[in-house]
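Dear colleague,

I am handing over the structure below, and after it I set out what was found in it. Please keep it open beside this message as you read.

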Amino acid sequence: GFIQLNWGPNAALPAVLREGIDYDGDGRADFIITLDTRTGNTSLVPFHAAVRFVEKSYRLRNGWAVRILLANRR
């Protein structure tokens, strides 16, 4: 599977976004995503075994999106 994060609007975004994400709802960050909104360069620091890698980061009409691949937990 995957999780997709979207940010916007462009005018309100900082040059570099850095955010801890708790995708499984346990109250702890499962990964930290960093996105340079000037270049689209993205880095991922996983803390959960299911978090794999950034599949794609792309500019939207008025923001950015990043898709992160997850391992099937079954």
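Strands E2 and E3 run antiparallel and are joined by six bridges, where strands, like helices, are DSSP runs numbered from the N terminus (at least two residues of type E for a strand, at least four of type H or I for a helix). Within this pairing, Gly20 has Ile32 of E3 as its bridge partner, and Val16 stands opposite Asp36 in E3. Two strands are said to pair if DSSP finds at least two bridges between them. Strands of a sheet pair through backbone hydrogen bonds, either parallel or antiparallel.

Before going further, please note that this is a predicted model, in which local features need pLDDT of at least 70 and side-chain atom pairs count only at pLDDT 80 or more, whereas totals for chains, interfaces and linings use all residues. Residues are numbered from 1 along each chain as its sequence is written, and side-chain values use heavy atoms, with hydrogens and water left out.

On its other pairing, E3 is joined to strand E4 (residues 42–46) by five bridges, and these two also run antiparallel; here Leu35 has Thr42 in E4 as its bridge partner. E3 and E4 form a hairpin with five residues between them, and in that turn Gly40 has a positive phi of about 85°. Taken together, the three strands form an open antiparallel sheet in the order E2-E3-E4. Its edge strands are E2 and E4, each of which pairs on one side only, and the twist averages 10° from one strand to the next, with axes taken as lines fitted to C-alpha atoms (for helices over the stretch in contact) and angles running from 0 to 180 degrees between N-to-C directions.

How many residues of strand E3 (residues 31–36) are buried? Six of its six residues are, where buried means under 20% relative accessible area, exposed means over 50%, and partly exposed lies in between (1.4 Å probe, protein chains only). Both faces of E3 are covered, with Phe31, Ile33 and Leu35 buried on one side and Ile32, Thr34 and Asp36 buried on the other.

The second sheet is also open and has three strands, in the order E1-E6-E5, with antiparallel pairing. E1 and E5 are its edge strands, each pairing on one side only, and the twist from one strand to the next averages 15°. E1 and E6 run antiparallel and are joined by six bridges, with Leu69 in E6 as the bridge partner of Phe2. Strand E5 (residues 51–60) pairs with strand E6 (residues 63–70) in the antiparallel sense over eight bridges; Arg59 stands opposite Trp64 in E6, and a hairpin of two residues joins E5 to E6.

Gly63 lies in strand E6 and is buried, with a relative accessible area of 0%. Leaving aside its neighbours within four places in sequence, Gly63 is in contact (heavy atoms within 4.5 Å) with Trp7, Gly8, Asn10 and Leu13. One of these residues, Gly8, begins a cis peptide bond to Pro9, with omega near -5°, and Pro9 lies in the loop between strand E1 (2–7) and strand E2 (16–21). By way of background, most residues other than glycine have a negative phi, and most peptide bonds are trans.

Turning to charged side chains, the structure holds two salt bridges, each being a side-chain nitrogen of Lys or Arg within 4 Å of a carboxyl oxygen of Asp or Glu. In one of them the side chains of Asp26 and Arg28 meet at 3.0 Å, N to O; Asp26 is partly exposed, at 36% relative accessible area, while Arg28 counts as exposed at 57%. Asp36 forms a salt bridge with Arg38, their closest N and O atoms being 3.1 Å apart, and here Asp36 counts as buried at 17% relative accessibility, whereas Arg38 counts as exposed at 57%.

Asp30, found in the loop between E2 and E3, is buried yet has no salt bridge, since the nearest side chain of opposite charge, Arg28, is 6.2 Å away; for this purpose Lys and Arg count as positive and Asp and Glu as negative, while His and the chain ends are not counted. Leaving aside neighbours within four places in sequence, the residues in contact with Asp30 include Ile21, Tyr23, Phe47 and Val51.

With kind regards
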